[in-house]
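Open the model in your viewer and colour it by chain. The tour below goes from the contact between the chains to each chain in turn.

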Amino acid sequence: MTAGISTTTVSGVIPASAAQKYEEKAFGFWIYLMSDAIIFALLFATYVVMLDNTAGGPTGKQLFSIERAAGGTALLLLSSATFGFASVALATSNRLRVLQWLAVTAVLGLGFLFLEFGEFRSMIVEGAGPDRSGFLSAFFALVGTHGLHVSVGIIWIVVMIGQVSIKGLTRPVASRVMRLGLFWHFLDIIWIGIFSIVYLPGVL
Amino acid sequence: MEIFGRLTIEAFPFYSAIAASGAAITVLGALSVIAVITYLRAWRVVLFDWVSSLDHKKIGIMYVMLALVMLMRGFIDAAMMRGQQAIASGNDGYLPADHFDQIFTSHGTIMIFFMAMPFLSGLINHIMPQQIGARDVAFPFMNAISLWLTVAGAGLVLISLVVGKFSTAGWSGYPPYSGIEYNPGVGVDYWLWAVLIAGVGSTMSGINFLVTILKRRAPGMHLLRMPLFTWTVFVTSILMIFAFPALTVACGLLALDRTFGMHFFTNAAGGNMMHYINLFWLWGHPEVYILILPAFGVFSEVVATFSQKRLFGYISLVLATMAIGILSFTVWLHHFFTMGSSADVNSFFGIMTTIIAVPTGVKVFDWLLTMYRGRIIFKPPMLYTIGFLVTFVIGGLSGVLLALPPVDYQMHNTTFLVAHFHNMIIPGVLFGYLAGYMFWFPKAFGFKLNETWGTWSFWCWIVGFYLAFMPLYVLGLMGMPRRMEHYDIAAWQPHLIVAAIGAFIILLGVICLGVQLVVSIRDREQARDMTGDSWNGRSLEWATSSPPAPYNFATLPIVQSVDAFWDMKQRGVAYRRPDRYVDIDLPKNTFLGAFIGGAGFVFGFAMIWYIWWLAILALAAVTLALIIRASDDETEFTLPAREVEHMEDERFAHLSKAPRNELADDPGFAGGSVLEGST
């Protein structure tokens, strides 16, 4: 019985080995993103269900500015590209470039949030806040949840800028940057959904 | 703005003797736990070996402890309701309506979220990694966060007895009644934040279990060699990952309505109540299967072990589990047939609901055929399994009845429904978990639970169950609505008295469980299991010592068959020593998990009472803890090979002294101690 547990030690391929651990973390993160995607799917569904529930208040057509939304979209898409450059720099272990591109990504993300806050603020000032109607509640919940995610992403970028500066591109740091990348691109995809379902119908 | 939000001295329950005594019992309970720990001088052990532990086995045990405590609390609620309904014929009984409503809400909330869910997570945590030959779950730190967020949610429910009131809106919290307009107090907020915080923990548990199963199986453990319990955990994890977001959204939006005056589910201003109910049950129905599938897994392990046979129809059980997992997302509308969907929609969901009974029926036949011609040993876990089989089929039949929309229109919101789902969940879920508790207790602690008291607990539970719930079927047919605080129809009372007697017998069953635990701990030396293989088991969790070493397996097992450990015993390789041991990496202890749970509790409490500065502070604390953890690259320590060898030496010394397993009369074990057949 040479195949019994006695004779074969599998220390070379034990699942606890480092490579396996990073793979597990990436896989787990993908699954988290799927779970988060369900949250957004349900918020999209909520928005569509509530679309006509304006309760005599303003409609999307009256409220949304396609220019502002297009500006936000441009910033966010560009930030996905700059994160891509950070990933390329990570692959070539260019620490300074990683830091630079992460910083640019964070600034673009902040620009996006600035536009979004501006939109929210002007809507609330006009009396079209989230407590005005079911439709506006759904709008603020959907777009706001995305904005909240972007804010978390920016905090995460700042943390990673700190880690890359202090620790360098060590393996755990690099794996975190990689997962942050997944998160950031995921938010881009969600935003494309928001742009298409929330803002575009207003001008079509 | 008040510094304590809407929290004032009026929040403390001096207004009613019953509420005040509930608060007193809660406070005394907490104080007595603190006193006992202090008396035993066990703070160091509690804090440094348990609260800060990332060991999946200890986390599992803490989950089950939480579940058992909450079972007591949920049961007291149930007994109070049965007592009230037994006497409140034509009078007000002893509970005011507002209090009665809080009790049925907390009963349901506790039993589902804070009894069943922790029990399930506890059994999975302790057993599943061992069944697949792993040393821990994939994400030990996230596991601790899940545990402590669940504790935080349970803590919010408990503290609502002392500070403020709990929800009166039922465990499903339907708007508009649960909205701020009709329910301005803190009750619904307690319910919402308890459920939301615990729900985040459950989602993370699902991710953790799924990655563990897919990435951490021992060599040779193909998917179709996984024990059935692990298979059910696999499907349950998928359901957790995809269903819990719906609960988060439903409760999150209701919280936005209540706290910020939004209009998702309000009567006016464009709210849509039906949307809440859709979202809630989009989680709620898969949740039923999240709870019941792992119990099916337990029954599968128990029935094979105590019939001393290979599980009948392994593949069909796997397929049935997968089928149930998929179908569980297609039946949610049967919870609200009466809310006015078209006949076509109702028909679709009615048909899907009857279809989902088919794979469940397949399972029942598989378990029966496993028992057929087996040499059945009637230990308590097996008794619970047999009790489940009989009782569950009855509940299933009433479920198929309710799946027909025209019938449902008659029964909706009557006690017939209450009888039906208790008839599924008590045998299907609770009996399963209790069977698992008694089956795996010796694995966790190294000694068996007392069988006499276990048997008594079973008989009390099953007799009490029939007495408590069969009358509710009759009452439902007589037209009694659920959740009635008092009633004027005298013909109902005899049935409700019988139901109260049933609840009393279940109380005896609960007491038996407590006595069993105390007696077993007292007599633990006589019931000590040296082998690690308490029941002549079949799957890999029985290949470790009892209690298992921190690393579970000194060398990872090589799996060649379903029933991997049984196969090893047959081949005489189950207890071989390796030529050499290797260093093993294990997660370091940390208090950050418990800290995040504590901050989650504070955050929930602050949101409930509108103490905004505290909520922000708590969120900042969570963020800071996560950043600290994410900046720590030294989260593991190495257990050197010689220490592993030392621990294994001790284990084999125990093994050589162990008496022959009382159940091991299989030919593969004929003659002598467990070590025979090894080199």
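Start with the boundary between the two chains. The area buried between chain A and chain B is about 4200 Å², and carbon and sulfur atoms give 67% of it. The model is predicted, and the values quoted on this tour are computed from it.

**Stop 1: the residues in contact**

Select the residues of each chain that are in contact with the other. On the chain A side there are 47, and they are in contact with 53 residues of chain B.

**Stop 2: polar pairs and salt bridges**

Keep that selection and display the side chains. Between chain A and chain B, 16 residue pairs are in polar contact, with both residues at pLDDT 80 or more. Which elements of chain A give two or more residues to the side that touches chain B? They are α1 (18-50), α5 (134-167) and α6 (171-199). Colour α1(A) separately: with 19 residues, this helix gives the most to that side. By class, the side of chain A that touches chain B holds 23 nonpolar, 16 polar and eight charged residues.

Next, look for the salt bridges; the count between chain A and chain B is five. One of them can be found by selecting Lys167(A) and Asp633(B), whose closest N and O atoms are 3.0 Å apart.

**Stop 3: chain A alone**

Hide chain B and switch to a cartoon. Chain A has six helices and zero strands, so that from the N terminus on the elements read α-α-α-α-α-α. Turn the chain to view its outline: along the principal axes, the C-alpha trace spans about 80 × 45 × 25 Å. The radius of gyration of chain A is 22 Å, whereas a compact globule of 204 residues would have one near 17 Å.

Now colour chain A by burial. Of its 204 residues, 51% are buried. Among contacts in chain A with a separation of 6 or more, 79% are between residues 24 or more positions apart.

**Stop 4: chain B alone**

Swap the display to chain B. Here the cartoon shows 19 helices and two strands. The C-alpha atoms fill a box of roughly 75 × 55 × 45 Å along the principal axes.

How does the radius of gyration of chain B fit that of a compact globule, and what is its value? Chain B has 25 Å, which agrees with the value near 26 Å for a compact globule of 679 residues.

Colour chain B by burial to finish: 61% of its 679 residues count as buried. Of the contacts in chain B with a separation of 6 or more, residues 24 or more positions apart account for 83%.

Notes. Residues are numbered from 1 along each chain as its sequence is written. Chains are lettered from A and ligands numbered from 1 in the order in which they are written. This is a predicted model: local features need pLDDT of at least 70, side-chain atom pairs count only at pLDDT 80 or more; totals for chains, interfaces and linings use all residues. Side-chain values use heavy atoms; hydrogens and water are left out. Contact means heavy atoms within 4.5 Å. Buried area is the accessible area (1.4 Å probe) that two parts lose on being put together, summed over both. A salt bridge is a side-chain nitrogen of Lys or Arg within 4 Å of a carboxyl oxygen of Asp or Glu. A polar contact is a pair of N or O atoms within 3.5 Å; within protein, one must be able to donate a hydrogen and the other to accept it, and residues adjacent in sequence count only if both atoms are side-chain atoms. Helices (H or I, at least four residues) and strands (E, at least two) are DSSP runs, numbered from the N terminus. Ala, Val, Leu, Ile, Met, Phe, Trp, Tyr, Cys and Pro count as nonpolar, Asp, Glu, Lys and Arg as charged, and the others, Gly among them, as polar. The radius of gyration is taken over C-alpha atoms; the globule rule is 2.2 Å times the number of residues to the power 0.38. Buried means under 20% relative accessible area, exposed over 50%, partly exposed in between (1.4 Å probe, protein chains only).
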